[in-house]
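Visitor: I have a structure here and a list of labels for it. I would like to know what earns each label.
Guide: Put it up, and we will take the labels one by one.

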Number of protein chains: 2
Amino acid sequence: MTTVTRQRRTAPAALIQDLKLLLGERLSTAAAVREQHGRDESAFDVPAPDAVVFCETAEEVTRVVTCAAAHRVPVIAFGAGSSLEGHVLATEGGITLDLARMNRILKISQEDMTATVQAGVTREELNRALRAMGLFFPIDPGANATLGGMAATRASGTNAVRYGTMRENVLGLTAVLPDGRVLRTGTRARKSSAGYDLTRLFVGSEGTLGIVTELTVRLYPLPEAVSAAICHMPSVDAAVRTTIQIVQMGIPIARCELLDERAVRAVNKHERMQLREQPMLLMEFHGSDTGVREQAELVQQIAQENGGQDFEWADTPEERTRLWTARHHAYFAGLQTRPGCRCIVTDVCVPISRLADAIGEAIADVEASGVPYYVVGHVGDGNFHMCYLIDGADARERAVVERLATQLAQRAITLEGTCTGEHGIGLHKQDLLIEEAGATGVSLMQAIKAALDPSNIMNPGKIFQLAP
Amino acid sequence: MTTVTRQRRTAPAALIQDLKLLLGERLSTAAAVREQHGRDESAFDVPAPDAVVFCETAEEVTRVVTCAAAHRVPVIAFGAGSSLEGHVLATEGGITLDLARMNRILKISQEDMTATVQAGVTREELNRALRAMGLFFPIDPGANATLGGMAATRASGTNAVRYGTMRENVLGLTAVLPDGRVLRTGTRARKSSAGYDLTRLFVGSEGTLGIVTELTVRLYPLPEAVSAAICHMPSVDAAVRTTIQIVQMGIPIARCELLDERAVRAVNKHERMQLREQPMLLMEFHGSDTGVREQAELVQQIAQENGGQDFEWADTPEERTRLWTARHHAYFAGLQTRPGCRCIVTDVCVPISRLADAIGEAIADVEASGVPYYVVGHVGDGNFHMCYLIDGADARERAVVERLATQLAQRAITLEGTCTGEHGIGLHKQDLLIEEAGATGVSLMQAIKAALDPSNIMNPGKIFQLAP
């Protein structure tokens, strides 16, 4: 939550000059632009880059990287700025490379259900282009993130329980390497055994190995039938038990989201809705008409056995959009419950059998602390977020929440889970990564980084520290 | 197809002595044992290792690797010996480490649907242990391979169209690194964004980065209903068109296998079956009773539109086992159609829209050559095998088939697919890997290998060559 600044490697005037020649007005050293690009949605203070460049082609990315490499100056990829763990902060200075203008959809194959896009395309842009074709791209982290950014953090979100994460859905990618070479990984085939899985190495590498400029992703047919329902539950525990049973029965539920009563209350206020203010499961079913009905009946039965109310259905696209928008606005709704607060969003994922324990203990801890909070989660995956609403100026609260978040992550690791289900390591969870992956695991990551980026110019200081 | 031998790094007497002290009778230098371990199901001649060790514990693996590393002698992991591209051949000499005795199932979590097993557990052993729990492990490459070997080659097989490959289904693993350190990757959570994806790096690394000693894999609930059907098609092309339409409609078919009329004829003879001798789709549907019925009806309709016959159903487990056994015995059935022949099994995977082209051209080529062949394929994934039946002693036939196989793989790459869907690179496809992944891609793989295994002792000379 505090500023993390390391040894700066400031871009020299000669580099700025070279980039200016290359990009003209698309290089900015204005304070406002730099600050905007030194910030994400985390609670870190802003170390701004020395300059921001707005690339429009892969060739420009290559030129920028080559120039920066010649000066051993850091290069930080920037998409929508919606990451949460300080991934885009320029802690060592350098050039931020904004990819938002690289937003062309290069190819959609309806027959193969694949799309090849530039890294700056957002998930909403892609889905708009797909709608008329009867296809969709399922990964939905909430924010309208860019696909490049989503690959970088191995994002997932509400649909992952059925469709997987970026790990499963990126078929291949193009990246500019630290030495300016262009790497192309993967193919458009569904599977391959051709050598090391470089695609999966880059997915989740948080910009530390190269700049992803293009991705090919899997698409899915829009289901014949979609049905969303909310079910009010007597307790968070009952909601979690319901989820566990749904997953264990192998019901192919498409989305299974938990909102605790605090999140529901905030959403009601923010979205002017009248949801019953108790823990709620928000679910979506995809399939054929009969398949959807069958899934929903089974789930309703399970929910009722755990004390759930009848389903309230949202069958029209408008109603569904309203519900999911409400879910995605939970963050902003939460912020409004404590004017002027900052929201510290945690992110752990545990084996489904440990989910009730993990959430229960996290709630007990935060209740004891007195800090306002709410809970949301992609519980079908065992993934949830404790969201702490703190006074950012109150050092004591910041310290309390830091302790709570660390306890939560450590408990997840103890429960054979992970300290981050979908947000990534960034700046914030580097010590936790060592606890989770072990010194040996992190040393392998460092060895790979050193082999591929010996000058450590690609988003340095993220995921782990290298010896200077 | 010829012997590939490189600079040998023969195990010195001192190393053999050390290993003998450690393992006693579980070290063998007998020619028969060494030869058996210098062979897989490929058509390469046998370069045998200098010794074979049979480890029973992870600690023994660590000791063996440490001893070998001290002498810079190669270590080659060996599971069931069912790989097809020369993965286990001791082309540089060294010690083969047989993991078959490490066959303990360490933990099954019914609640989380995960299993943690030693690397020598075979998929059939695991499924036997799971049956009474109502769970199964879906990856089925045909051979009763070990899970360690399946991870090493990123195996898949008949169920991958629905359940994914080893890439999607290994949650984490334990490996002994070249320097003897023990690496643990992943967790039992479904997803994670914690740093580089070391699990996916080891899956498909063909034993070149370390010795996998344990794996945690995902399990699935046994479906409420399972139904298998065969459908006779007027041509391979019609069968492929049917498959493409099934996939594009998003029907969650669990298995979708093609056998051409030659494969059917061979299977009839070998298994004493009376299948109609024309191209055939062998399919399986998993789901609820109504779900399975619905899927099957849709598929039947699609097949009929493409000239397919009515389905012949196999609803009892016994009938299904008989059909799938027949499918898995296609290889041996094929061998018997030309007494004394060797079967050269190729393995390419293309985007589904290119499948008809890829198979059609491959058939045209082999027909022109006059070499006997048959075709089988996991066509739901765009993955198929041209199986050439050659006289191994006939240099001309070997050369012809080598050319056919290379053409096939190059065509797959041109069609935006891969030169190997599931068998791996091994010794045989290293030039093709360069065509597919590019010099840059392969150089990254080599850089990773050099960083993690600087003495190049882990299954050296597989996937790619390193400068000596």
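Visitor: What makes H16(A) oblique to H16(B)?
Guide: This is a predicted model, so every value here is computed from it. The axes of helix H16 (residues 430-452) of chain A and H16(B) cross at roughly 130° and come within 9 Å. Angles over 145 degrees count as roughly antiparallel, and 65 to 115 as roughly perpendicular. The crossing fits neither range, so H16(A) is oblique to H16(B). The crossing is right-handed.

Visitor: Which residues make that contact?
Guide: From H16(A) come A:Leu444, A:Ala447, A:Ile448, A:Ala450, A:Ala451 and A:Leu452. From H16(B) come B:Leu444, B:Ala447, B:Ile448, B:Ala450, B:Ala451 and B:Leu452.

Visitor: How many of the residues are nonpolar, polar or charged?
Guide: Twelve are nonpolar, with no polar and no charged residues. Ala, Leu and Ile count as nonpolar.

Visitor: How many residues does each chain bring to the contact between the chains?
Guide: Chain A brings 74 residues and chain B brings 74 residues. On the chain B side, several elements supply at least two residues each, among them helix H7 (166-169), strand E9 (182-186) and helix H11 (289-305). H16(B) gives the largest share, 13 residues. By class, the chain B side has 28 nonpolar, 29 polar and 17 charged residues.

Visitor: Why is H1(B) called roughly antiparallel to H3(B)?
Guide: Look at the angle. Helix H1 (residues 13-23) and helix H3 (residues 58-70) of chain B cross at roughly 165°, and their axes come within 10 Å. Angles over 145 degrees count as roughly antiparallel. That makes H1(B) roughly antiparallel to H3(B). H1(B) passes H3(B) in a right-handed crossing.

Visitor: What makes up the contact of H1(B) with H3(B)?
Guide: H1(B) offers B:Leu15, B:Asp18, B:Leu19, B:Leu22 and B:Leu23. H3(B) offers B:Glu60, B:Arg63, B:Val64, B:Cys67 and B:Ala68. Seven are nonpolar, none polar and three charged.

Visitor: Why does A:Gly148 count as buried?
Guide: Count the neighbours. A residue is buried if 20 or more other C-beta atoms lie within 10 Å of its own. A:Gly148 has 28 C-beta neighbours inside 10 Å, so it counts as buried. A:Gly148 lies in helix H5 (residues 147-152) of chain A. Leaving out residues up to four places away in sequence, A:Gly148 touches A:Ala77, A:Gly79, A:Leu99, A:Ala119, A:Gly120, A:Val212 and A:Leu215. A:Gln118 is 30 residues from A:Gly148 along the chain, yet their C-alpha atoms are separated by 7.7 Å.

Visitor: Why is E18(B) said to be largely enclosed by the rest of the structure?
Guide: Six of the six residues of E18(B) are buried, so the label fits. Both faces are covered. On one side sit B:Tyr373, B:Val375 and B:Gly377; on the other, B:Tyr374, B:Val376 and B:His378.

Visitor: How do you know that E18(B) and E19(B) pair?
Guide: Count the bridges. Two strands pair if there are at least two bridges between them. E18(B) and strand E19 (residues 383-390) of chain B have six, in the antiparallel sense. B:Tyr373 stands opposite B:Tyr388 in E19(B). The two strands form a hairpin with four residues between them. In the turn, B:Gly382 has a positive phi of about 80°.

Visitor: What joins E13(B) to E18(B)?
Guide: Two bridges do, and these strands run antiparallel. Two bridges meet the cut-off of at least two, so E13(B) and E18(B) pair. B:Leu259 stands opposite B:Val376 in E18(B).

Visitor: What makes E1 and E3 of chain A stand at the edges?
Guide: Start with the order. Four strands of chain A form an open sheet, E1-E2-E4-E3, with mixed pairing. Strand E1 (27-28) and strand E3 (75-78) each have a single partner strand, so one side of each is left without a neighbour in the sheet. E1(A) pairs with strand E2 (residues 51-54) in the antiparallel sense over two bridges. A:Ser28 stands opposite A:Val52 in E2(A).

Terms used
Residues numbered from 1 in each chain as written. Chains lettered and ligands numbered in written order. Predicted model: local features only at pLDDT ≥ 70, side-chain atom pairs only at ≥ 80, totals over all residues. Contact = placed C-beta atoms within 7 Å. Axes fitted to C-alpha atoms, helices over the stretch in contact; angles between N-to-C directions. Parallel < 35°, antiparallel > 145°, perpendicular 65-115°, else oblique. Left-handed = near helix turned anticlockwise from the far one by under 90°. Buried ≥ 20, exposed ≤ 12 C-beta atoms within 10 Å, placed from the backbone.
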